[in-house]
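Q: Please take a close look at the aromatic pairs in this model, and then at the buried parts. I have not seen this structure before.

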Amino acid sequence: NMKKKLLYIFTLSCFLVNAQTFVSTTPENKNVILEEFTGINCGYCPDGHLVAQDYQDLHPDDVVLIKIHTGGYAVPQGSDPDYQTSFGAAIEAQSDVIGYPAGTVNRHLFPGMEQGGGTAMSRGQWAAAGDIILSELSPVNTWGSAEIDLANNTLTVDVQVYYTGSQTISTNSLHVAVLQNNVEGYQSGASLNPTNILPNGNYNHQQILRHLMTGQWGDNIDS
């Protein structure tokens, strides 16, 4: 949960998750959405993957990771896989990324932690920024469920939001992101994250952004 952007994430993997109960009406603290800008030709990016995963492991119910393959290091060479999307470049541009790996925490600006002057931060800052977000009360809760129809190749998502408090900003947007886990492929610098190296030597990519069902900047929520 976050003030300016509400992100509900559905991860596609080798299994389906049963629908949760409907949205809670009890005030809760915010969750962390760590969007990591990465690429298969970025030699230090696997260390970023490891830093992000270690942080999520500390807060498994409150931290969501999104790997956004974008920028020059994400351009495939030869037969390498292409994990880029039509959304990544714009998200990266508004974050003021100047080096990889970089990441944003809830697209929030943390003065003194930024790489350039925007929301992008180097991996050494992600945990500290995340801890700040986790300590803040959220004005809104989200709930969602997803149903996959394999016969018709369709994904149907239902989302509920419930406002538990007030806020000073005038508009909110809802984002529904589709991620994919356990994608086998090439990755430069894979040895920096050995837990993601498969027995055959390939890299096991996780939390890859595949699609934003609500478009580049989300759906506005009617007050």
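A: What follows goes through the aromatic pairs, then one buried residue, then the nonpolar cores. The model is a predicted one.

A pair of aromatic rings is described by the distance of the centres and the angle of the planes. Two aromatic pairs are counted here. One of them joins Phe22 and Trp143, with 4.9 Å from centre to centre and 40° between the planes. This pair is tilted, because the angle is neither under 30 degrees, as for stacked rings, nor over 60, as for edge-to-face rings. Phe22 sits in the loop between β1 (5–12) and β2 (32–38), while Trp143 belongs to strand β6 (residues 140–149), so the pair ties together parts that are 121 residues apart in sequence. The two partners can also be described by their accessibility. Phe22 has a relative accessible area of 59% and is exposed, whereas Trp143 has 7% and is buried.

Tyr73 and Tyr100 make up an edge-to-face pair, at 5.5 Å centre to centre and with 80° between the planes. Tyr73 is in the loop between β3 (63–69) and α2 (88–93), and Tyr100 is in the loop between α2 and β4 (102–105), so parts that are 27 residues apart in sequence are tied together by this pair. Tyr73 is partly exposed, at a relative accessible area of 41%. Tyr100 is partly exposed too, at 23%.

Next comes a buried residue in a loop. Asn193 lies between β9 (183–185) and β10 (203–205). Its relative accessibility is 2%, so Asn193 counts as buried. The side chain of Asn193 has a polar contact of 2.9 Å with the side chain of Tyr203. Leaving out residues up to four places away in sequence, Asn193 touches Pro46, His49, Leu50 and Tyr203.

The cores remain. The largest nonpolar core consists of 14 residues, and those with the most contacts inside it are Val32, Leu34, Val105, Phe110, Met121 and Ala129. At least two residues of this core come from each of β2, α1 (45–58), β3 and α3 (126–134). With four residues, α3 gives the most to the core. Leu34 shows what such a residue touches: apart from neighbours within four places in sequence, Leu34 is in contact with Ala52, Val64, Leu65, Ile66, Gly103, Thr104, Val105 and Trp126. There is also a second, separate core, which has 13 residues, including Phe87, Ile91, Ala120 and Leu209.

Notes. Residues numbered from 1 in each chain as written. Predicted model: local features only at pLDDT ≥ 70, side-chain atom pairs only at ≥ 80, totals over all residues. Heavy atoms only, no water. Phe/Tyr/Trp six-rings, centres within 6.5 Å; stacked < 30°, edge-to-face > 60°. Buried < 20%, exposed > 50% of the residue type's maximum accessible area, 1.4 Å probe, protein only. Polar contact = N/O pair within 3.5 Å; in protein donor to acceptor, adjacent residues only side chain to side chain. Contact = heavy atoms within 4.5 Å. Core = buried A, V, L, I, M, F, W, Y, C linked by side-chain atoms within 4.5 Å.
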